[in-house]
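Reader: I'd like a close look at one part of this model, the aromatic side chains and how they sit with what surrounds them. Could you walk me through that in one go, and then branch out to the packing elsewhere?

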Amino acid sequence: MAKQRKPRAPAPDPAAAARLPWHPAAPPVPTALLISLAALLVRVLVSLGPYSGQGAAPKFGDYEAQRHWMELTLHLPSSDWYRNTSDNDLAYWGLDYPPLSAYQSLLHGRIVNAALPDAVALRSSRGFESPESKLLMRWTVLSSDLLVLFPAALWFVWAYMKDGIGVNGEERREGWTWLLAMVLINPCLVLIDHGHFQYNCISLGLTLGAIAGVLSRNEFVAAVLFSLAINHKQMSLYFAPAFFSHLLGKCLKRKYPIIEVMKLASVVLGTFALVWWPYLHSHEAALQVISRLAPFERGIYEDYVANFWCSTSVIIKWKGLFAIKTLKLMSLSATILAFLPSFVQQVKSPSNLGFLYSLMNSSFSFYLFSYQVHEKSILLPLLPASLLALKEPQLYGWFVYFALFSMYPLICRDQLLLQYIAVLGLFFLLYYSPGGSHGKRLNIPHGTKVVLSLPFLCSLFLHIAYLQIEPPKRYPFLFDALIIFICFLQFFILTLYTNYKQWMLDTHSRSIGVKKDL
Amino acid sequence: MAATTSPSTAAAAAWAFAAATCVKILLVPTYRSTDFDVHRYWLALTHALPARQWYTDASSEWTLDYPPFFASFSRLLSVPAPLVDASLVSLPVPAAPPFAHLLYLRLTVAFSDLLLLASALLLARDARRRRRPFLALALVLWSPALLAVDHVHFQYNGFLMGLLLLSLHFLEQGRDLAGGIVFAALLCSKHLFLVAAPVYFVYLFRHYCCGRGVVRGLGRLLLMGAGVAAVFAAAFAPFVYYGQMQQLFNRLFPFGRGLCHAYWAPNFWVFYIILDKILAFLLRRLGFNILIPEASFTGGIVGDSSPFAVLPKVTPIATFLLVILAMTPCLIKSFSNPQPKHIVRWVSYACTCGFMFGWHVHEKASLHFIIPLALLAMDSLDNARHYFLLSIVSCYSLFPLLFENQEYPIKVLLLLTYATLMWVGFSSHFAVKSVHEGKKANQSSSTVKKDGFIGWIGLSYLLGIAAIELWSRVFHRHVFGDRLPFLPLIMVSFSCGIGMIYSWMWQLVWIVRYT
């Protein structure tokens with residue numbers, strides 16, 4: 001994936017070329033506003049579509065789960081949220097996210113309750129669906145996105161450009177609008193949050209804010225925000241090795257490393273204590289919550305997810321061969337082994353660019369090897385990939401396409417195909433926006449092109465086959481398995497590449513350092 | 001990677017169209033008005049029945065009331081329909097259409113917009129064969145008013161505007177015969193464009209026929225006449241043959257309707273009605289015996305009796321004369337000095353006059369002039385300012401069309417995004433231009449900075465509109481409860497009417513001074 005820089009073309013003839021409104025000389029604040037408004041518009045348009053489990057009694061889907069949590073948190077005391085009681089049947093969409101998620105449900109429950117009390121009435125509201133309640137619920141996601149992810153993205157782009165991470169001055173001047181669009185109009189995130197119905201925008205937004213905090217050297221803010229992200233969705237822990245190693249590496253370089261580490265640790269512990277306050281009075285209560293967050297009994301993977309365990313289960317029947325305990329151990333050690341190189345690199349020589357790579361590597365290692373991964377978890381590695389879009393445009397385009405493809409069965413189940421097509425189209429139109437120089441300058445040899453286009457052609461075929469061709473009776477999930485296998489291969493190669501890039505940063509910067517010394 | 005390869009305007013316009021198409025696909029599940037049922041019925045009607053019965057069939061309440069070319073266009077769009085679902089094109093149409101029907105019809109609208117793209121690509125070069133800025137084309141392709149009316153409310157204006165722009169392109173390039181013929185085809189698709197006919201007639205007569213000697217002029221006059229007549233014959237001859245002209249005419253021009261549509265279009269008549277109400281109120285206070293008219297505008301249905309208490313009754317003939325009178329300066333200009341570079345402005349102005357003073361004008365008719373005016377928006381800073389204001393006002397005046405809660409954020413965001421796009425685009429365009437042009441333009445850009453982009457009057461006007469929107473959404477219910485349900489709509493009409501009057505006068509002054 002090596003990029004070759006073309007020599008700068010002679011200044012284009014102004015009479016033959018179009019100048020796009022958002023190109024340099026455009027005022028930055030209105031331009032950022034324009035991109036944010038467009039991103040919000042796309043979200044609102046996607047939210048017109050159906051949500052997961054719409055009309056699918058008796059179990060429904062994630063929409064009902066969120067509505068149910070609003071109902072529970074609104075009417076029950078916080079001590080009962082995670083306990084099986086007569087009003088709280090944990091088997092029916094029991095709360096399985098950390099307390100911050102519950103507080104968010106409570107807040108949104110209050111808003112919905114003020115407008116439409118029937119939608120969140122205790123017990124009687126199970127499976128409540130109406131056009132108004134759909135609208136209200138959609139607006140809670142939209143407002144969360146607008147309040148958390150959007151400011152975080154703007155802060156990140158500002159911090160990134162101020163620091164000029166791995167890009168030169170010209171790219172900084174031109175590329176920031178593109179980068180902002182790439183971060184905000186991430187088709188997977190838009191479809192899952194505003195189509196399928198989840199609140200990933202909050203945990204990912206908090207993480208993004210934390211990343212921006214690290215880049216702009218506000219480490220305490222970063223620590224608080226990342227702790228909040230973990231407390232919103234425990235999946236944010238996928239990023240923990242990167243944050244931990246980067247901050248540790250930075251602290252070790254300072255004068256009093258131990259004091260610095262202690263300071264950060266106390267900030268993190270303080271944030272956790274605040275969020276967990278209602279459950280800290282007894283050992284039992286805290287354990288009860290934790291047991292809800294780690295549902296080991298649900299198996300090593302769920303549905304069809306493009307990670308190592310699920311993709312290889314065609315050949316090796318992991319679930320049959322090993323006990324849960326062994327599997328837990330295996331997945332734990334595999335995950336640690338996978339993120340260890342990137343962890344070590346960041347402790348050794350923390351750098352902003354290396355931090356972004358290591359975020360991607362650590363989240364990828366969890367996605368590929370850890371226990372109980374959902375297909376939606378691909379959103380986590382996708383976030384750092386979008387942040388690296390200016391540095392690795394080809395990687396990001398490729399990754400988005402296959403990440404979306406890995407969720408294709410889910411999208412079809414939710415009947416969001418129309419939205420899938422439109423958002424995918426819109427994303428790649430922005431990706432190849434005219435006048436932009438991203439994703440075009442790739443001089444790859446002919447042979448590589450053929451190899452690269454092979455999975456792409458397979459995916460095109462599978463898109464159609466999945467809908468149109470009846471799979472053979474013996475293998476009803478043949479196409480699902482093929483889809484995840486192709487995606488797994490792509491993800492695996494991508495993470496090998498990013499690990500390599502992260503390690504090469506070190507030698508690269510050292511060689512530059514040597515040159516400077518000379 | 002840093003070197004920006006600037007694309008050709010055509011490539012960029014195609015890109016803009018593709019992006020708009022993605023948005024149109026996302027708009028498929030939105031609210032649709034009864035116009036959706038109208039076009040659904042027409043699709044089935046033109047497919048299931050022979051042309052002889054198109055204007056006589058009354059199996060649905062939505063009878064065909066567009067000219068024959070539009071019916072043929074409907075027929076064309078229905079050709080692939082049986083592949084999707086045979087019940088799409090069989091009569092009677094199902095009362096509750098399945099999603100596939102909605103998708104098919106929405107996609108025909110998005111597909112027919114290709115004509116708009118084609119016209120926009122042709123218009124990438126202006127009358128002097130200079131390149132138009134990309135933004136001028138993007139303002140056409142991304143028009144929120146067009147998206148709202150065509151892809152939510154449901155109509156085929158994109159296709160009709162494509163025809164109008166195609167005709168304007170031919171006129172700009174000096175190909176008058178082609179321009180005239182395309183305009184004739186447009187008239188045979190939707191007769192509301194008749195309002196532009198006087199300008200077309202005068203311009204074509206002077207520019208195409210005159211000034212080349214009597215013989216050649218007569219020859220050209222005959223040629224143009226023959227071309228236009230051929231188009232009309234192709235459209236109407238079958239119906240003359242069937243002996244249905246009277247029936248067709250009654251369908252096309254239903255004169256039973258009142259001066260204003262149920263929701264008042266923001267034009268001159270809004271002020272006329274409001275003045276009448278105020279006068280009636282004042283005179284009654286002064287002791288005069290003023291009868292309250294039986295027919296009321298706020299009721300939406302207007303019969304034959306005069307709805308005015310004090311001011312004279314308005315008749316269709318009066319509105320017709322007023323439209324012609326308002327158009328006169330433009331007609332004189334196009335007669336005395338017919339120049340291709342001004343034709344877009346003249347035609348837009350004619351449509352504006354029709355909108356301001358016409359009989360039973362729909363608010364959607366403002367599309368007929370904001371779309372062509374978008375092409376001129378980048379010509380100068382004054383034009384940009386005018387278009388900025390006009391496009392916001394006209395789009396806002398379409399808001400009551402999409403009245404459901406689900407579409408509320410969509411219409412607001414469409415308008416805000418478009419307004420921000422103009423803000424970004426105009427300010428960077430004129431900043432770059434002033435750099436190129438040096439000192440002289442620097443002064444104008446410094447005045448831009450001093451007054452803001454649209455000046456404080458424009459800004460306070462737009463803020464006033466925002467305040468009215470806020471009032472009608474939030475506070476009206478608290479203050480009046482369920483009383484005066486029409487007040488917010490009247491406020492919207494009134495405030496937009498001010499902007500429309502301003503735009504009309506601005507265009508008039510510009511035409512008198514600069515063309």
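Author: Let's start with Tyr401(A), which is buried, at 7% relative accessibility. Keep in mind that this is a predicted model. The ring partner to look at is Phe456(A), and that residue is partly exposed, with a relative accessible area of 31%. A pair of aromatic rings is described by the distance of the centres and the angle of the planes. Across all chains, the count of aromatic pairs comes to 73. For Tyr401(A) and Phe456(A), the ring centres are 5.2 Å apart and the planes meet at 50°, so this pair is tilted. The cut-offs behind that word are simple: planes under 30 degrees apart would be stacked and planes over 60 would be edge-to-face, so 50° falls in the remaining class.

Where do the two rings sit along the chain? Tyr401(A) belongs to helix α17 (residues 393–406) of chain A, while Phe456(A) belongs to helix α20 (residues 446–468) of chain A, so the pair ties together parts that are 55 residues apart in sequence. Now set that beside a pair in chain B: Phe268(B) and Tyr272(B) are also tilted, with 6.5 Å from centre to centre and 35° between the planes. Here both residues lie in helix α14 (residues 268–285) of chain B, four residues apart, or about one turn of the helix. Phe268(B) is partly exposed, at a relative accessible area of 27%, whereas Tyr272(B) is buried at 15%.

Back in chain A, the Tyr401(A) and Phe456(A) rings belong to one aromatic cluster, and its members also include Trp398(A), Phe402(A), Phe405(A), Tyr408(A), Tyr420(A) and Tyr466(A). If you care about charges over rings, there are two to check. The charged end of Lys59(A) sits over the ring of Trp93(A), 5.0 Å from the ring centre. In chain B, Arg206(B) lies over the face of Phe335(B), and the distance to the ring centre is 5.0 Å.

Helix α17 of chain A has another residue to look at, Ser406(A). Ser406(A) is buried, with a relative accessible area of 4%. Leaving out residues up to four places away in sequence, Ser406(A) touches Ala306(A), Tyr367(A), Ile378(A), Ile483(A), Cys487(A) and Phe491(A).

Phe491(A) leads on to the nonpolar packing. In soluble globular proteins, nonpolar side chains tend to be buried together. The largest nonpolar core here has 324 residues, and the members that touch the most others are Phe156(A), Ile211(A), Phe399(A), Phe491(A), Leu139(B), Trp142(B) and Phe426(B). Helix α4 (residues 131–163) of chain A gives the most to this core, with 13 residues. Take Phe156(A) up close: setting aside neighbours within four places in sequence, Phe156(A) is in contact with Leu179(A), Leu208(A), Ile211(A), Ala212(A), Leu215(A), Leu356(A) and Leu387(A). Apart from the largest core lies another core, of eleven residues, among them Val270(B), Phe308(B), Leu311(B) and Val314(B).

Cys487(A), one of the contacts of Ser406(A), brings up the cysteines. A disulfide is a covalent bond between the sulfur atoms of two cysteines. A search of the whole structure finds zero of them over all chains. Cys188(A) is in no disulfide, and the nearest cysteine sulfur, that of Cys487(A), is 10 Å away. Cys188(A) is buried, with a relative accessible area of 0%. What about Cys201(A), buried or exposed? Cys201(A) is buried too, at 0% relative accessibility, and its sulfur is 15 Å from the closest cysteine sulfur, in Cys188(A), too far for a bond.

Last, a helix in chain B with a clear inner side. In helix α6 (residues 114–122) of chain B, the buried residues are Leu116(B), Leu117(B), Ser119(B) and Ala120(B). They cover an arc of only 165° around the axis, which puts them on the same side of α6(B). The cover over these buried residues includes α1 (9–26), α5 (99–112), α7 (134–141), α8 (144–154) and α9 (157–172) of chain B.

Methods
Residues are numbered from 1 along each chain as its sequence is written. Chains are lettered from A and ligands numbered from 1 in the order in which they are written. This is a predicted model: local features need pLDDT of at least 70, side-chain atom pairs count only at pLDDT 80 or more; totals for chains, interfaces and linings use all residues. Side-chain values use heavy atoms; hydrogens and water are left out. Rings of Phe, Tyr and Trp (its six-membered ring) pair if their centres lie within 6.5 Å; planes under 30 degrees apart count as stacked, over 60 as edge-to-face and the rest as tilted. Helices (H or I, at least four residues) and strands (E, at least two) are DSSP runs, numbered from the N terminus. Buried means under 20% relative accessible area, exposed over 50%, partly exposed in between (1.4 Å probe, protein chains only). A charge sits over a ring if NZ of Lys or CZ of Arg is within 6 Å of the ring centre and within 35 degrees of the ring normal. A nonpolar core is a set of buried Ala, Val, Leu, Ile, Met, Phe, Trp, Tyr and Cys residues joined through side-chain atoms within 4.5 Å. Contact means heavy atoms within 4.5 Å. A disulfide is a pair of cysteine sulfur atoms within 2.5 Å. The arc is that of the directions from the helix axis to the C-beta atoms.
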